[in-house]
Amino acid sequence: MWTWSRVAAAGYFNLEEESAPAQLKASVGDSVVFNCKLEFPNDVPIPYIMHWNKGGSTVFSWADGQLTAEEPYKGRVSPAHEHDGTEAFTGAVNLTSIRESDKGWYECRVHFPNRTPSTRLNGTWLFLDVDGGTLLATPPINKTTLEGETAHFSCVTKNRAHRVTWYKDGVPIPEIVELRQRSFVSPDGSLTIAPTAMGDPGEYMCEVTDGSTRQQASAHLDVQYKAKVMYSPREVQLPYGRSATLDCHFRANPPLTSLRWEKDGFLFDPYNVQGVFYRRNGSLYFSKASPRGALRRHRNRKCVDEIHRGRYTCTPFNDLGTEGPSPVIDVRVQRPPVFTITPHNMYLRRTGDSVAMPCDAVNGGDTERPLIVWFKKDGTPLPRSRITMEGGNLTLVDIVDEDRGMYQCVASNGAATISVETELVLENTAPRPPYNLRAVSSTTSVTLTWLPGVERPQTQHSVWFRISDSPQWHVLPDATDLDPSAPYRQSDTPEWRTLRVGDTESTEAMVSGLKAGREYEFMVLSQDEHGDGMFSKAIRVKTAGTSTVEEVPHEFRAAIGSFQQIGPPRNVTVRVTGEGFLVAWDPPAFGVEDLKHYVVRWARGAPDSGYLPSGTDVTNDLSYIIRYLEEDRLYSIFVLSVNSNDVEVTSHPVSLYVPPYRSQRALSVGMAVGLALVAAAVAAAWYLREKQIKRMQQRQDDEANNLPSSNGKDSGKG
């Protein structure tokens with residue numbers, strides 16, 4: 001079977017290359033391409049006319065850039081190819097909706113009206129063989145109609161007894177409510193739609209069947225109509241001082257060619273209005289800066305302003321005209337809301353009391369009130385049975401513990417949304433329990449994280465934990481004999497142990513020193529100045545590895561002792577070096593032959609107050625340098641030995657306080673400078689004193705030397 005794709009792939013036929021006419025074959029309802037060889041004199045394109053003849057008559061022609069067809073080929077013929085050069089047509093013609101009557105010989109002749117002779121030995125002969133099948137005689141063809149007119153699709157069967165079913169876009173037409181009342185199928189199987197509507201375009205397919213054989217053929221319907229407005233809001237609020245768009249909701253087929261806007265009964269031309277521009281779909285765009293490519297004189301204009309207030313209409317046009325203007329759109333300029341009354345920053349109440357939180361706002365520039373709503377900032381809904389809203393004021397009665405928290409009053413209009421916050425604090429109430437408790441476990445430790453029940457300063461947390469696996473027969477650590485009553489006891493329900501988190505702002509803690517392969521139960525308790533709160537929901541976490549404590553049947557009791565597969569690192573020490581903090585240790589007392597590696601962990605906090613994990617690393621050496629620790633912090637450092645079975649054993653923690661070196665250095669430098677200044681002052685005082693003493697001695701010597709000489713002179717004269 002020759003189809004559109006197969007023929008198109010075959011290329012153009014050349015009579016010089018083909019010894020016989022082209023043979024085409026198609027089924028009823030298919031499409032084929034007729035190719036005609038174009039040979040211009042001296043290979044220079046000149047005006048031409050192409051005729052396709054059948055049975056001595058012209059059935060379709062190409063002239064003056066248009067393709068025309070005679071009955072019954074009208075609506076079924078179109079140019080098959082477009083060329084991107086100087087010509088728009090290459091001589092290939094597409095014939096659709098093949099009928100049995102299309103079978104026969106076709107001749108393509110090319111005429112050159114501006115040369116002599118007008119014809120030349122060029123053209124193409126071909127034979128079209130149509131496989132009509134046994135059911136369908138005349139398939140439907142594509143239709144283009146105006147809205148309101150009638151569309152008729154032929155689907156003539158060879159036997160009136162054959163059943164015909166019509167589909168639109170794959171859906172049976174009787175199932176389409178919009179078409180069911182406006183369509184009917186004639187006795188010969190043809191479909192008529194009267195009148196057509198703008199929603200009718202699509203693919204229509206007729207299916208013919210005789211019970212055992214089925215044949216289908218399709219055609220497209222295009223309904224054209226004048227451009228029309230589909231929807232127009234009565235009122236539009238444009239936000240003052242911001243960009244905005246005023247849309248015209250229309251439909252048009254053929255496509256839109258122009259759109260006319262009017263304001264207050266006069267033509268509204270955006271090119272003559274500051275800060276208003278046309279979008280490609282005809283909408284009006286109000287902006288402070290012109291879009292790319294606009295005139296320079298439109299730059300740096302205001303956004304929506306009071307001058308844009310008015311009554312607008314839009315009228316769309318296409319090649320068929322217009323259905324008329326839209327209803328009037330009342331455009332108003334909306335200023336952002338402004339709070340006139342706001343609640344206090346905080347309300348302090350007791351459980352069972354009531355609280356009234358006032359809030360009110362107006363739209364900027366007028367006395368109308370915007371939409372005012374209240375929210376709880378954490379997202380929990382307000383208790384509808386205990387709240388009342390009067391204007392923007394919120395009143396909450398019979399306060400319970402869950403009511404405390406942050407509240408928001410939100411005022412909104414078309415221009416903007418603003419909000420103000422306030423907090424409801426309850427006196428003498430314990431904090432709410434932590435929630436969303438999560439855990440990550442290793443062989444001998446579990447790291448917990450949680451979310452606080454309420455954000456409060458100075459809220460302290462503590463971790464409660466215990467072994468939660470079922471009671472088992474445990475070997476007593478001091479069992480040394482085979483007395484059936486001595487070395488074994490059934491474990492009772494274990495007691496809770498607590499670990500206080502040192503940092504009040506922390507929501508994370510690491511519990512270490514746990515047993516491998518055991519299941520533990522954890523809870524977190526919050527506390528503040530009002531007392532203990534409620535526990536979080538308990539979670540169960542199993543540590544990694546294999547438990548070294550096994551169930552021992554009563555009849556197989558034996559003194560197994562406290563044997564472990566590998567011991568912990570010993571004699572862990574930490575000292576400060578020039579490169580950092582050097583952690584050193586001795587190998588385990590037993591199990592060294594099965595050692596895989598060591599793990600060094602350091603965490604903020606003391607062993608009895610909870611940990612904040614800070615870092616971890618793996619090494620095969622007996623020392624490790626921690627390069628950086630925060631100053632003025634207390635750290636706990638652990639070393640774990642890990643064997644080939646990934647069993648971890650933790651050493652005793654070593655506490656390390658990192659002093660504030662920087663402030664100490666600054667203090668040392670200050671003291672040195674102070675001592676230097678004192679020394680300089682003492683030296684200067686000593687120097688001045690010595691100089692003063694020398695001056696006094698010199699004066700005394702001078703006086704002693706001058707006194708005898710003067711006495712001698714006096715006695716001689718006497």
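How many aromatic pairs does a search of the whole structure find? The search finds 15. The model is predicted. The views below take some of these pairs, then turn to charged contacts and a surface patch.

**View A. Trp 105 and Phe 127 form a tilted ring pair.** The ring centres lie 5.1 Å apart. The planes meet at 55 degrees, so the pair counts as tilted. Two strands supply the rings: Trp 105 belongs to strand 8 (residues 104-111), and Phe 127 belongs to strand 9 (residues 119-131). The partners are 22 residues apart, and the pair links distant parts of the chain. Trp 105 is partly exposed, at 41% relative accessible area. Phe 127 is buried, at 18%. The cut-off for buried is under 20%, so Phe 127 falls within that class.

**View B. Phe 153 pairs with Trp 166.** This pair is tilted as well, with 6.2 Å from centre to centre and 40 degrees between the planes. Phe 153 sits in strand 12 (residues 151-153). Trp 166 sits in strand 14 (residues 163-168). The two are 13 residues apart, and again the pair links distant parts of the chain. Both partners are buried: Phe 153 has 0% relative accessibility, and Trp 166 has 4%.

**View C. Five aromatic residues make a cluster.** Its members are Phe 34, Trp 52, Phe 60, Tyr 73 and Tyr 106. Ring pairs link them.

**View D. Glu 207 and Arg 214 form a salt bridge.** The whole structure holds 21 salt bridges. In this one, the closest N and O atoms are 3.5 Å apart. The cut-off is 4 Å, so the contact qualifies. Are the two partners buried or exposed? Glu 207 is buried, with a relative accessible area of 8%. Arg 214 is exposed, with 57%.

**View E. Asp 330 and Arg 332 meet in a salt bridge within a network.** The N to O distance is 3.5 Å. The network of salt bridges links Glu 235, Asp 330 and Arg 332. Asp 330 is partly exposed, at 23% relative accessibility. Arg 332 is also partly exposed, at 33%.

**View F. Arg 404 bridges to Asp 401.** The closest N and O atoms of this salt bridge are 3.4 Å apart. Arg 404 is buried, at 1% relative accessibility. Asp 401 is partly exposed, with a relative accessible area of 22%. The cut-off for buried is under 20%, so Asp 401 falls outside that class.

**View G. Two arginines sit over tyrosine rings.** The charged end of Arg 279 lies over the ring of Tyr 285, at 4.0 Å from the ring centre. Arg 335 lies over the face of Tyr 240. Here the distance to the ring centre is 3.7 Å.

**View H. Trp 686, Tyr 687 and Leu 688 make a nonpolar surface patch.** The patch covers about 400 Å². Leu 688 lies in helix 3 (residues 661-717). Leu 688 is exposed, with a relative accessible area of 54%. Exposed requires over 50%, so Leu 688 meets the cut-off.

Notes. Residues are numbered from 1 along each chain as its sequence is written. This is a predicted model: local features need pLDDT of at least 70, side-chain atom pairs count only at pLDDT 80 or more; totals for chains, interfaces and linings use all residues. Side-chain values use heavy atoms; hydrogens and water are left out. A salt bridge is a side-chain nitrogen of Lys or Arg within 4 Å of a carboxyl oxygen of Asp or Glu. Buried means under 20% relative accessible area, exposed over 50%, partly exposed in between (1.4 Å probe, protein chains only). Rings of Phe, Tyr and Trp (its six-membered ring) pair if their centres lie within 6.5 Å; planes under 30 degrees apart count as stacked, over 60 as edge-to-face and the rest as tilted. Helices (H or I, at least four residues) and strands (E, at least two) are DSSP runs, numbered from the N terminus. A charge sits over a ring if NZ of Lys or CZ of Arg is within 6 Å of the ring centre and within 35 degrees of the ring normal. Patches are made of residues with over 30% relative accessible area and no salt bridge: like charges are joined within 9 Å, nonpolar side chains (Val, Leu, Ile, Met, Phe, Trp, Tyr) within 5 Å. Accessible areas come from the Shrake-Rupley method with a 1.4 Å probe; for residues, only the protein chains shown count as cover.
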